Amino acid sequence: MDDQESQIHRLVENAEREQDRGSDLRRDALTKLIEIAHSSNSQLKCYAANHIRNFFNDFPDLEEDAINVVYDLCEDQDSRVRIEGYRAISSVSSVEHKWIKRNSDVLVQLLQSDEPEEVSVVKTALCDHLDMDPGVTLGVLCDQIIPPEYTIDEEEQQIRDRLRSLVIAFLKVDAAEAIIRKYTKTPGTDTENVLVGQLLTAIRRLETRDVEVIIKDFLLMMPCYRPGSARGMDLLHVLIDKARSSLNVKSNDLGSIKTIDFYISLAHFVAIQKRVASPVVLLRFYCTSLMGKPVLQRFSPEEQLVLAGRVVEALEACEEESRLRPQICSHEQLSFLRRQVVDGAPNLLEALHDTKLESSTMWDTLRSLLLACKHRKEREDWVVPFNLATSISRFQAQAQHLGPGNNSDEIRVLIRSLTETSMPQASLSTTVDGDSAHERPAHLPARPQIGRPPLKRPDMSRPSHTNTSDAASNSRPAIQTRDSGSVALPKRSLSSGETAPQIKRAKTELTEERQLTPSLLSRMTMPIPGDVEKASRKRGGAGRKRVDDSSEPDKHPMSGYSIKGAAAHAERGEESRDPTPRTSSLLDRLNKSEGVDGSGNRKRYRGKA
């Protein structure tokens with residue numbers, strides 16, 4: 001050791017023994033240490049790095065110069081000097097905590113060193129800063145993880161990406177144990193709030209590369225992420241928002257689909273496998289955003305099989321939560337979610353069938369979907385829709401050849417129970433006014449439709465043969481329609497004084513007339529009206545009936561008269577005293593059937609109904 005070094009050592013030692021911390025001797029010692037830190041002698045530089053901390057907080061006006069000297073030592077060409085500079089940063093922070101944030105930031109930048117020995121010293125210094133102030137130090141670390149909101153150039157982006165990966169590796173490997181066991185052991189502390197809040201912000205902005213490590217290897221290891229915790233729900237909502245935003249991008253390229261699947265798988269891991277969040281939220285997202293056919297078709301067949309499996313796993317998790325923790329998933333919520341899954345089951349079943357991948361996963365997923373349908377059918381008096389029954393029946397042939405070990409018997413029973421009452425029958429029964437009729441042999445022609453046909457105006461060109469006895473027995477003449485031969489009544493108004501019991505009796509009579517519809521054999525043997533008329537013409541018989549196609553269109557319209565037209569024609573006939581037999585109008589027949597006297601008053605003569 002030369003004379004200069006000896007003088008510096010004596011000066012520093014005397015200053016350290018000085019009781020007056022603001023004395024000139026101590027100031028001279030600090031000034032001398034700052035001076036030799038810029039010398040070319042590595043030993044003096046190391047000596048300065050080791051003793052600056054003893055005088056640092058005694059002279060505020062020299063703090064800035066002293067800390068800059070320490071930073072310069074960290075960038076020295078000599079590795080030994082740099083290592084002593086790293087240690088000096090920790091010693092300065094220990095005596096003056098106001099420098100912890102700035103010094104932590106410097107140490108984070110020093111993680112980029114290419115020398116493993118130096119990196120080890122830097123990590124130790126960072127752990128020391130975590131012990132001094134975990135909240136501040138973790139905030140600095142997380143700031144390096146969160147991507148900036150503003151645009152940066154490519155070179156700076158590369159530097160930030162590399163530094164982010166280094167910080168995440170430090171948290172995962174070197175600091176995780178201390179963070180979990182010491183700094184976040186008690187839930188709700190400021191340190192925990194800072195760390196969780198910063199990392200969730202980072203997840204919202206980060207790409208997929210580092211998100212999985214942050215969640216699986218760091219966040220979920222913290223005590224605050226216990227089953228059903230509020231922290232877990234916050235994390236799940238962040239992941240669902242990321243997945244939903246990726247779904248809203250209308251792109252089918254491989255990168256977009258993989259991004260969607262990445263966040264869905266992480267959300268499934270958080271809510272279903274780790275159970276740190278409610279599966280109700282995840283299943284609701286599946287039902288509203290993933291089970292639509294256009295969305296499913298964006299994924300490959302293998303990915304569709306995985307998605308269907310995740311849906312049934314989420315439903316099973318909700319069923320378990322409903323049994324064990326009804327406050328998380330009530331019975332009403334479970335019933336609603338099951339209905340949503342069953343409503344979307346045709347799309348999932350189609351995806352399973354189209355994958356052509358007969359694996360145990362596929363059969364387990366099918367079984368779970370069928371069980372959901374069965375539960376809804378049994379508990380809600382629900383009828384399996386035709387499209388769902390069709391989708392289920394497509395697996396019937398495959399299930400017949402299913403070997404043991406895949407719940408084959410149960411699957412076959414479920415398929416039968418869900419399809420036998422929903423698939424269309426070979427022959428359908430015909431109903432009349434809601435009553436079932438007997439099934440007809442398939443070789444016979446179909447009966448004419450006997451529903452309510454449209455009303456047809458009466459044919460006034462046809463002569464009336466209604467007598468008094470007919471009017472007494474049937475108060476309303478029936479009119480046969482041209483198409484079906486069924487019986488219908490002319491529309492009438494209640495203004496004539498007809499009361500509600502008359503309407504009911506009219507409906508009863510109409511039903512009796514419908515029940516007297518001629519059978520197939522009688523219709524086949526019934527003579528055709530046109531042939532009867534031709535035969536009567538050849539015989540020259542009198543009193544022949546007029547048909548719709550009258551040979552005298554000027555006298556009687558081909559389509560018959562309306563009620564008012566028939567009455568007008570009757571008056572004209574009386575004035576002209578036409579010797580031609582006059583056809584009675586519908587109004588005359590109605591008046592005669594209901595017993596109207598000459599003054600227009602109706603006689604209320606009725607038989608027993």
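What percentage of the 609 residues in the protein chain is buried? In this predicted model, buried residues account for 41% of the chain. The secondary structure consists of 28 helices and four strands. The chain exposes about 34500 Å², and 50% of that area is supplied by carbon and sulfur atoms. When contacts between residues at least 6 apart in sequence are considered, 68% of them join residues at least 24 apart.

The interior may be approached through the largest nonpolar core, which contains 145 residues. Within this core, the residues that touch the most other members are Leu171, Ile203, Leu219, Leu235 and Leu283. Helix 13, covering residues 254-273, gives the most to the core, with eleven residues.

Ile203 illustrates the surroundings of one such core member. With its neighbours within four places in sequence left aside, Ile203 is in contact with Val211, Ile214, Ile215 and Leu219, and also with Leu235, Val238, Leu239 and Lys242. Two of these partners, Leu219 and Leu235, are themselves listed among the core residues that touch the most other members.

A further part of the structure shows how two helices pack. Helix 4 (residues 63-73) and helix 5 (residues 79-95) have axes 7 Å apart and pack at an angle of about 145°. On the side of helix 4, the contact involves Ile67, Val70, Tyr71 and Leu73; helix 5 meets them with Val81, Arg82, Gly85, Ala88, Ile89 and Val92. The residues of this contact comprise eight nonpolar, one polar and one charged.

Terms used: Residues are numbered from 1 along each chain as its sequence is written. This is a predicted model: local features need pLDDT of at least 70, side-chain atom pairs count only at pLDDT 80 or more; totals for chains, interfaces and linings use all residues. Side-chain values use heavy atoms; hydrogens and water are left out. Buried means under 20% relative accessible area, exposed over 50%, partly exposed in between (1.4 Å probe, protein chains only). Contact means heavy atoms within 4.5 Å. Accessible areas come from the Shrake-Rupley method with a 1.4 Å probe; for residues, only the protein chains shown count as cover. A nonpolar core is a set of buried Ala, Val, Leu, Ile, Met, Phe, Trp, Tyr and Cys residues joined through side-chain atoms within 4.5 Å. Axes are lines fitted to C-alpha atoms, for helices over the stretch in contact, and angles run from 0 to 180 degrees between N-to-C directions. Ala, Val, Leu, Ile, Met, Phe, Trp, Tyr, Cys and Pro count as nonpolar, Asp, Glu, Lys and Arg as charged, and the others, Gly among them, as polar.
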